[in-house]
Structure formats: C-alpha cells, structure tokens
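Work through the following exercises with the sequence and the model in view, and try each task before reading its solution.

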Amino acid sequence: MIEKESLKIEDYKTVRDAVFERLRKAILDGFFKPGERLVENQIAEEMGVSRTPVREAIRRLEIEKLVVNLPRKGVMVAPINESQVKEIFNIRGALEGLAVKLAIDNIDSKTLKQMEKILQEMDEAIKKGDLNKEVECNTRFHDCIINASESSKLSEMLRNIHDQIQRFRHRSLSVEGRPQIALSEHQDILQAIKERDKNKAEQLIKNHIENAGKALLKKIHEDGNFKVLS
C-alpha cells in the first residue's frame, strides 16, 4: 500500500510528468481501486502541486483507459468489467503462447539462469508472505520470455496488455494458495523452455494465464465489487 506522503512530487523531473507517472503507478499498484473517484483538489493537495498538472495527468490516464470520466459521477479509476477481463486474459494467453515459442529459438543460458533466480526469489517471497515481491517476480519472469521473443511488435502488444492487468496482479495472487500454484506453473514453463519443447511450453503458459484470470475473477466476485460501465 502506498502511503499518502509518498504521493508528494520531488524536483527530479518536470512536475507535469512526475504527477502523471506517480498517479499511473498508484493506479497500477492498487493504491487507487477500480471504481474509486479521483478528486483533483485532494490529489493536488497530497502531492503538493497545483490542480493543473493533476488535470493534465488525468487526461493522459483517460487515453490509456486507466481512468474514465462519467457524467454526474466524475473521474474514477476504470471499473472492472468481467467480459473485458476474460477477453484481455484470452488475448494475453494467445500472445504469450506465441512469445514463448519464439523465445525458445533465441533464449540463452544467461537468461535461463536469470529466470531460475527469479523463481527462487519468488519462492522466498511466498514463504515470507511478501505479496509485493511476489508480483514483482511474476512480472520479471514473464518479461524474460517477452524479451527473448525478440519481436518488437509482439513485445509492444504484450506491454500494453500487461499495463492493463498490472493493477490486478496483487488481487490474483492474493487468492489463497494461488502464489504456490503460480510458482509451480512457472517452474513447469521454465522446464519446458529448457527442453526446447515449444508446444508444451505454449500450452503450459496458456494454462497458467487462464488460471491467473480465473483466480482474479474469483477474488473479484468474493469481494463483491465488480463495476460495470454503463
């Protein structure tokens, strides 16, 4: 959870860019929840800036579909739509299935060792109950595969999708037992990559992403806070 004082802007870059990046990170990290209203005055006060850069940042976030501006409701973090979640995870599964097949042609021993280390760190994070570290390791593991695909267009498409689901990863991994299952799935994917078995790796990563989507939907329904855009 991000503390309120951490929203304050330092002088290391332009205020406009700093506000945008800090707000974007706060949404992706789950500080601002889906459906939560964003009040310009309050955010500006907490960041120690004027309303202008906050307003500009919100416009940029609208373009990225991370916030919406609804009549009579104002600006809020983009709500979760169940059908959209399913669609995003289906597309992600197909694209990462292709990415892992391409990665197997290019991946080297250095990257394989890096992926092994990431999974060791993830295992340690699970034992400590460090959810933030678990999410970080999960992201880095998938990034290794995407980078090894050496496809700039595929990488661009997957980065966009990952940005959309990054804010949900904490919730998916917060489902009881899911972190251990995700770790095991990652280990199986890595083993298939080492064996250079493209079909197996593709199916494993598709199953893994499907299971992650199911865990997210389960958590959202349990929390009872599905928000559907009207």
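**Exercise 1. Decide whether lysine 65 is buried or exposed, and describe its place in the chain and its backbone.**

Solution. Lysine 65 is exposed, because its relative accessible area is 63% and the rule calls a residue buried under 20% relative accessible area, exposed over 50% and partly exposed in between, with a 1.4 Å probe and protein chains only. The model is a predicted one, in which local features need pLDDT of at least 70 and side-chain atom pairs count only at pLDDT 80 or more, while totals for chains, interfaces and linings use all residues. Residues are numbered from 1 along each chain as its sequence is written, and side-chain values use heavy atoms, with hydrogens and water left out.

The next step is to place the residue: lysine 65 lies in the loop between α3 (51–63) and β1, where helices (H or I, at least four residues) and strands (E, at least two) are DSSP runs numbered from the N terminus. Last comes the backbone, where phi of lysine 65 is near 65 degrees, a positive value in a residue other than glycine. Most residues other than glycine have a negative phi.

**Exercise 2. Find where glutamate 150 lies, and say whether it is buried or exposed.**

Solution. Glutamate 150 lies in the loop between α6 (131–149) and α7. Its relative accessible area is 61%, and glutamate 150 is therefore exposed. The phi angle of glutamate 150 is near 55 degrees, which is again a positive value in a residue other than glycine.

**Exercise 3. Describe the second largest pocket by its volume and its lining.**

Solution. Begin with the term: on a 1 Å grid over the protein atoms alone, a pocket is an open set of points with protein on both sides within 12 Å along at least five of seven lines, whereas a cavity is a set of points where a 1.4 Å probe fits but cannot get out, and lining residues have an atom within 4 Å of a point. Grid points are joined across faces, edges and corners, and a volume is the space filled by probe spheres set on the points.

The second largest pocket has a volume of about 320 Å³. It is lined by 17 residues, and those closest to its centre are Lys65, Ala78, Gln84, Gln164 and Arg167. At least two lining residues come from each of β1 (67–70) and α4 (82–106), and α4 gives the largest share, 3 residues. Sorted by class, the lining has 10 nonpolar, 3 polar and 4 charged residues, where Ala, Val, Leu, Ile, Met, Phe, Trp, Tyr, Cys and Pro count as nonpolar, Asp, Glu, Lys and Arg as charged, and the others, Gly among them, as polar.

**Exercise 4. Describe the largest cavity, and then follow alanine 182, one of the residues that line it.**

Solution. The structure holds 1 cavity of 30 Å³ or more, and the volume of the largest cavity is about 120 Å³. Its lining includes Phe89, Arg92, Asn138, Ala182 and His208. Two or more lining residues are given by each of α4, α8 (169–173), α9 (178–194) and α10 (198–223), with the largest share, 3 residues, coming from α8. The lining divides into 6 nonpolar, 3 polar and 3 charged residues.

Turning to the single residue, alanine 182 is found in helix α9 and is buried, with a relative accessible area of 1%. Not counting residues up to four places away in sequence, alanine 182 touches Met122, Leu173 and His208, contact meaning heavy atoms within 4.5 Å.

**Exercise 5. Which residues is histidine 162 in contact with, leaving aside its neighbours within four places in sequence?**

Solution. First locate histidine 162, which is found in helix α7 (residues 152–166) and is buried, with a relative accessible area of 6%. With those neighbours left aside, histidine 162 is in contact with Arg92, Glu96, His142, Asp143, Ile146 and Arg169.

**Exercise 6. Classify the geometry of the rings of phenylalanine 31 and phenylalanine 32.**

Solution. Rings of Phe, Tyr and Trp (its six-membered ring) pair if their centres lie within 6.5 Å, and planes under 30 degrees apart count as stacked, over 60 as edge-to-face and the rest as tilted. The count by this rule comes to 1 aromatic pair. The ring centres of phenylalanine 31 and phenylalanine 32 are 4.8 Å apart and their planes stand at 65 degrees, so the pair is edge-to-face. Both phenylalanine 31 and phenylalanine 32 are buried.
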